[in-house]
Amino acid sequence: MPYETITLEKEGKVAVITINRPDKLNALSSTVHVEGVAALDELRRDDGVRVVVITGSGEKAFIAGADISEFEGKTPVTQRAVFQERTLFNTIDTFPKPVIAMVNGFCLGGGNELALACDLRICSENAKFSQPEINLGIIPGGGGSQRLTRLVGEGRSMEMILTGDMIDADTAYRFGLVNHVYPAAELRAKTMELASKIAEKAPIALQLAKEAVKFASRSNLDEGLRREVDLFAICFSTEDKREGVSAFLEKRKPEFKGI
Ligand code: COA
């Protein structure tokens, strides 16, 4: 399906969605949300795709936030409705395959919230992160105050959200906001290397692992441990579990089929 604001490519078992509005620093317009959700629906049904990478077009920005021009004229009711629709943030969060944010520059506001909804974040040395909504007289509305706080802790999240200041890639790494930092020229190769490695794992186990880890910040420990055992037990119903165990015992590489 042709898209106007994103591009979609596949490299082996990895799909790459690129937000493609470089003249607007890839700002998240409502069309980007609709098309991004549609692309993810397409990839959800594609058994050949095991991992999704999301990035921004050009060398300057991953995503410079929500499209501020769309804020004009919005009432509380209409703006609330926008974020209650199927946003990219929540679609990524509950997507059944791993999603990696490949952050190649400014990662601001809704851009940071999108990266936070992903399962892993990898950035270039020139990346900059912030939740600058406070400078517009508003607060994060796409999960920033919740997901950022869970990932980096209240003190760091509070400072980023109250000041709106940008942090650099090294600080983001120190905060645990990103998993890896690479020189810009190596970012894509390194990200694809990691994505391809994950793409070789058992797809059902990947889905259940993502669900289990995400549940950790949504539950107390007892509930989380119960959920983990249930998800662990589901793995024992899969062909891939039989293949993984047999391959280990037969000293060969497993070939997972997603069944
Ligand atoms: N929404 C809509 N348009 C945006 C945008 C956003 N979030 N961020 C950048 N743009 C547009 C600019 O308006 C400009 O468009 P124009 O050429 O038609 O005037 C274009 O992208 C380039 O941005 P510009 O500001 O000229 O680049 P810069 O290098 O001087 O500054 C930033 C880069 C990221 C510091 C600056 O663009 C910025 O502060 N953007 C807004 C960030 C923000 O507050 N995001 C959170 C929104 S809730």
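**Helix α8.** I started with Ile 198, which sits in helix α8, residues 184-199. The model is predicted. I looked up the cover on this side chain: Ile 198 has 15% relative accessibility, so I logged it as buried. The cut-off I applied for buried is under 20%. Next I checked Ile 198 against Val 14. They are 184 residues apart in sequence, yet their C-alpha atoms are 9.4 Å apart in space.

**Ligand shell.** I then listed the residues around the ligand and got 15. Lys 24, Lys 60, Ala 64, Ala 66 and Ile 68 come nearest. I sorted the shell by class: 10 residues are nonpolar, 5 are charged and none is polar.

**Polar contacts.** I went through the ligand's N and O atoms. One ligand oxygen lies 2.5 Å from an N or O atom in the side chain of Lys 24. A ligand oxygen also lies 3.4 Å from a polar backbone atom of Asp 23. On the nitrogen side, a ligand nitrogen is 2.9 Å from a polar backbone atom of Ile 68. I computed the cover too: the ligand alone exposes 870 Å², and the protein buries 59% of that.

**Back to Ile 68.** Where does Ile 68 sit in the fold? I found it in the loop between β4 (61-63) and α2 (76-84). Is Ile 68 buried, partly exposed or exposed? Its relative accessibility is 47%, so I entered it as partly exposed. I also found Ile 68 in a nonpolar surface patch with Leu 136 and Ile 138. Together the three have about 250 Å² of accessible area.

Definitions and conventions. Residues numbered from 1 in each chain as written. Predicted model: local features only at pLDDT ≥ 70, side-chain atom pairs only at ≥ 80, totals over all residues. Heavy atoms only, no water. Near = heavy atom within 4 Å. Polar contact = N/O pair within 3.5 Å; in protein donor to acceptor, adjacent residues only side chain to side chain. Areas by Shrake-Rupley, 256 points an atom, 1.4 Å probe, with all protein chains shown as cover. Nonpolar A, V, L, I, M, F, W, Y, C, P; charged D, E, K, R; others polar. Patch = residues over 30% accessible without salt bridge, like charges linked within 9 Å, V, L, I, M, F, W, Y side chains within 5 Å. Salt bridge = Lys/Arg side-chain N within 4 Å of Asp/Glu carboxyl O. Helix = DSSP H or I, 4+ residues; strand = E, 2+ residues; numbered from the N terminus. Buried < 20%, exposed > 50% of the residue type's maximum accessible area, 1.4 Å probe, protein only.
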